[in-house]
Amino acid sequence: MHRRTEESAEVSPAIEGRPALTGDTIAAISTPAGEGAIALVRISGPTAVAVGDKIFRGKKTPSQFAPHIQHVGEIIDEAGRLIDQAMLSVHRAPASYTGEDLVEISCHGGTLVTAKVLEACLRSGARGARPGEFTERAFLNGKMDLTQAEAVIDLIRAKTDLALRSATEQLEGRLGQKIRKIRDALVDLVAHINAAIDFPEEGIAPDEGEILHARLDSIRIELSSLLETADHGRILREGVRVVIYGATNAGKSSLLNRLLGFDRVIVSETHGTTRDTIEEMLNLRGVPLRLVDTAGLRPSASDLEREGITRTEKSLRTADLLLHVADQSAPTPAHFADTAQNGNEIVLLNKSDLPEHSDWKDFRALRISCVTEEGFPELKQEILMRITKQNLRPESAIAINARHRDCLRRALELCDRAHAAMRQGISSEYTVLDLNEALRAVGEVIGEIGVEDILDSVFNHFCIGK
């Protein structure tokens, strides 16, 4: 079987709009830190198999292995001393995750033994991988487009079934296919206009101008449709931002604990116990909620507490949904107003297990008890209803992220400008400049044009070994 050696390794050529890979070999631990039954160490690059030959002792050397088959053996150090018994498999280029020669070592999941296996790889010629470098190499080698690479981290971080399905479909290339369809339409349009400029003697039929307008309108509609999924994408990845606020001792932290199902926050009758915002994720019937507990609102002479209240006010401005909590057994707080008409606010009167103060008679609010959980089924239903009413509940698995939105927004603005120029009869040379820039912006989404400046931003979100 042919064995790739260090002498025969070549630098991977750059594909359209993508920088070439260097010829070095990388290694990393791909499983989470800590103890476990099994840990995975990956080696990728032109000398990955050669590194495997140096550290693996078994009936055969890795260079003799058939691809994609695990072999049991021993991992050894430079002196030949046993580090661990392990399983090793070889995945030869281009039929591997990275598109390069890839070696995967499944060893025991102890912290020290895993570190020793990685150290053996590094001492045998590999270097430590940067965060996300394995997936970056898969992208650079044409194994996936940039939307698929981003989907890997979305898949890892998914908190709900819909978020998982969205990441899976993006990883399969569904979003990339939509972007390519738009890009191909722009390429055809730009080519047509350039042909008209370069060969004016051919002429353009009168109705062809309207056809060009229609084709550009179709592209604008597709861009707008994708841009409308941006908020849903944010919710799938970050959750609906639900801010719990109100006076001190109203039961805000108790409400957070009850919704989560465990004691996340210290609860005390002492005023001003919560001094900072506290965030936790909750999966409410498939909808990801980012619950934010805040410092209680009241006049305070404490600089520390005032800072907490300032942070509360900042959280209120960025909330998708507000849960305004008050103590129904106490008088109405000075800051309190009837905000039940506010579409993104739910007023909660807590401590319904205690006698209600006369100030709250006939007051429109949802009455709950964080002690008995009375009213909690109604509260959860109301939260879901408000989310649906505000169109915050994602229904489609296709959803763009903030980077995609920036690229597509620029593309749409440029297409709008080109459309206006075409309607006004402005020279085609100016129109095609805008459309070329729109083409570049769309290409950035999938990483086919001008990606150099955005690669680090994308892959730095990954963990090392992925």
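Select helix α3 to begin: 8 of its 8 residues are buried, so this helix is largely enclosed by the rest of the structure. Buried here means under 20% relative accessible area, exposed means over 50%, and partly exposed lies in between, with a 1.4 Å probe and protein chains only. Helices (H or I, at least four residues) and strands (E, at least two) are DSSP runs, numbered from the N terminus.

The structure is a predicted model, in which local features need pLDDT of at least 70, side-chain atom pairs count only at pLDDT 80 or more, and totals for chains, interfaces and linings use all residues. Residues are numbered from 1 along each chain as its sequence is written, and side-chain values use heavy atoms, with hydrogens and water left out.

**Helix α3 and its end**

Display the side chains of α3. The buried residues are Glu133, Phe134, Thr135, Glu136, Arg137, Ala138, Phe139 and Leu140. Then move on to Gly142, which follows α3 and has a positive phi, near 80°.

**The seven-stranded sheet**

Next, select the open sheet of 7 strands, whose order is β3-β4-β5-β6-β2-β1-β7 and whose pairing is mixed. Two strands are taken to pair if DSSP finds at least two bridges between them. Strands of a sheet pair through backbone hydrogen bonds, either parallel or antiparallel.

Look at the edges, where β3 (56–57) and β7 (127–128) stand; each has a single partner strand, so one side of each is left without a neighbour in the sheet. At the β3 edge, 2 bridges pair β3 with strand β4 (residues 71–76) in the antiparallel sense. Within this pairing, select Phe56 and find Ile75 of β4 opposite.

Add helix α2 (residues 111–123), which packs on the sheet and touches β1 (26–29), β2 (36–44), β4, β5 (82–91), β6 (102–109) and β7. Contact means heavy atoms within 4.5 Å. The direction of α2 makes about 155° with that of β6. Axes are lines fitted to C-alpha atoms, for helices over the stretch in contact, and angles run from 0 to 180 degrees between N-to-C directions. Helix α3 (residues 133–140) also packs on the sheet, touching β1, β2, β6 and β7, and its direction makes about 135° with that of β1.

Between β5 and β6, select the loop that contains Pro94. The peptide bond from Ala93 to Pro94 is cis, with omega near 0°.

**Two aromatic pairs**

The structure holds 2 aromatic pairs. Rings of Phe, Tyr and Trp (its six-membered ring) pair if their centres lie within 6.5 Å; planes under 30 degrees apart count as stacked, over 60 as edge-to-face and the rest as tilted. Return to Phe56 and add Phe65: the ring centres are 5.7 Å apart and the planes stand at 85°, so the pair is edge-to-face. Phe56 and Phe65 are both buried. For the other pair, select Trp360 and Phe363, which are edge-to-face at 5.2 Å centre to centre, with 90° between the planes. Trp360 is buried at a relative accessible area of 0%, and Phe363 is buried at 16%.

**Strand β10 and its partners**

Now select strand β10 (residues 287–293), where 6 of the 7 residues are buried, so the strand is largely enclosed by the rest of the structure. Strand β8 (residues 240–246) runs parallel to β10 and is joined to it by 5 bridges; Arg241 stands opposite Arg290 in β10. Strand β9 (residues 278–284) runs antiparallel to β10, with 7 bridges between them, and Asn283 faces Pro288 of β10. The hairpin of β9 and β10 has 2 residues between the strands, and Arg285 there takes a positive phi near 55°.

**Helices α9 and α11**

Proceed to Asn249, in the loop between β8 and α9. Although not a glycine, Asn249 has a positive phi of about 60°, and it is partly exposed at 26% relative accessibility.

Show α9 (residues 252–260) together with α11 (residues 376–389): their axes come within 12 Å and cross at roughly 85°. The two helices are therefore roughly perpendicular to each other, a class that covers 65 to 115 degrees, while angles under 35 count as roughly parallel, over 145 as roughly antiparallel and the rest as oblique. At the contact, Leu255, Arg258 and Leu259 in α9 meet Phe376, Leu379 and Lys380 in α11.

Finally, select Glu373, in the loop between β13 (366–367) and α11. Its phi is positive, near 70°, in a residue other than glycine, and Glu373 is partly exposed, with a relative accessible area of 37%.
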